[in-house]
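Let's take a look at the empty spaces in a protein model. Where are the pockets, and what lines them?

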2 protein chains.
Amino acid sequence: MTPVEGSKAGDSGEDARVSRTRVDVARAALELLTSEGSDAVTHARVAEIAGYSKTTLYTHWPARIDLIAMAIESLGEMPHHQLTGDLRADLIGELKVFRSGVVDIRLDRVLSGMAEWASVEQMAQIRNRVNTDGQHQMYAMLGQRFSGAALDAAVSMLTGVVACPAIMFGTVPDDDVIEAAVDVVLHDPAGG
Amino acid sequence: MTPVEGSKAGDSGEDARVSRTRVDVARAALELLTSEGSDAVTHARVAEIAGYSKTTLYTHWPARIDLIAMAIESLGEMPHHQLTGDLRADLIGELKVFRSGVVDIRLDRVLSGMAEWASVEQMAQIRNRVNTDGQHQMYAMLGQRFSGAALDAAVSMLTGVVACPAIMFGTVPDDDVIEAAVDVVLHDPAGG
């Protein structure tokens, strides 16, 4: 254990070995979650992919929900579009970043996996945090044009343009669908 | 086995006893799916709730996906709003029916459960059928105002007003959010 690795473990008080194990196990759990869904995240399969014994996994993360939670937390901050100040371009850009997240890191499976496990309080909290983070920039942008119920509606609507086809049909919208959605929202006279 | 019950089994060629078992097992599986998520739909728990032996369940439905698929198929047709011819009122009505489906029969869990299992071809097909049925009336209504990419966008957007808060936060929108969403979509000059 080197001082550098030791300091990585930080606040958690874990030693470097556990910290490394955590990274490996989280990566394996995330790989299973996004490729096959949360049902595939079992101690046996995560252990096999991560290269640890099942006993090691059960010692640190006794429940399957622990493995799934760790996988989602390993995602870190949700990706966002770099703002330019042009509202239309920024909304389109943000939806394209969300779409890339669905294609590249299967955010649709993360969303449905969190929803599936949300009856467990631990996951309900993670879901709230991840999804609030995910919609934060959309709220800030649309807040320039909308407030109150119309703001909530606009955020759900634009989120739905990417999330609904992904979760309902396993597809993502083309550029022209994303642009049409943003135009519907921005051309609303009530919102101007 | 009476002739009446025998005829119920119909095309499937199953006898009435299996048909009754199927109804009981599907109901128990759906109860678990909507109350706790698809991970709870195991042979052991379904057998316990339905009042059959695990052996009986394994004989007819060897995989967990069989139980989950049967639960979803037991839902039947998706509920829809009775059309009045007033487009605004009909869109609001359809979204309120969808919202009731989330509250009463936990359609959000059905949606996320289907998404979670969609890497299995059997479930991908069920998901396409159920969700196409679910959006059919919304396509017909919005088709009066939109076409092409804008129609796809509008359907995803209004679906998202109910589906996004349900799947992302476990909440449903108030009436004023549903009404604001419909107004944003209908006031779009490009769609008129």
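**Pockets in a predicted model**

By class, 10 nonpolar, 3 polar and 2 charged residues make up the lining of the second largest pocket. Here, Ala, Val, Leu, Ile, Met, Phe, Trp, Tyr, Cys and Pro count as nonpolar, Asp, Glu, Lys and Arg as charged, and the others, Gly among them, as polar. This is a predicted model, where local features need pLDDT of at least 70, side-chain atom pairs count only at pLDDT 80 or more, and totals for linings use all residues. Residues are numbered from 1 along each chain as its sequence is written, and chains are lettered from A in the order in which they are written.

*The second largest pocket*
- About 160 Å³ of space sits in this pocket (an open set of points on a 1 Å grid where a 1.4 Å probe fits, with protein on both sides within 12 Å along at least five of seven lines).
- It has 15 lining residues (those with an atom within 4 Å of a point), and A:Asp152, A:Ser156, B:Pro165, B:Thr171 and B:Pro173 are the closest to its centre.
- H9(B) hands over the largest share of this lining, 5 residues (helices are DSSP runs of H or I, at least four residues, numbered from the N terminus).

*The largest pocket*
- The largest pocket holds about 220 Å³ of space, a volume being the space filled by probe spheres set on the points.
- Its lining has 15 residues, and A:Pro165, A:Thr171, B:Tyr139, B:Asp152 and B:Ser156 lie nearest the centre.
- H9(A) gives the most to this lining, with 4 residues.
- The lining of the largest pocket splits into 9 nonpolar, 3 polar and 3 charged residues.

Technical notes. Side-chain values use heavy atoms; hydrogens and water are left out. Helices (H or I, at least four residues) and strands (E, at least two) are DSSP runs, numbered from the N terminus.
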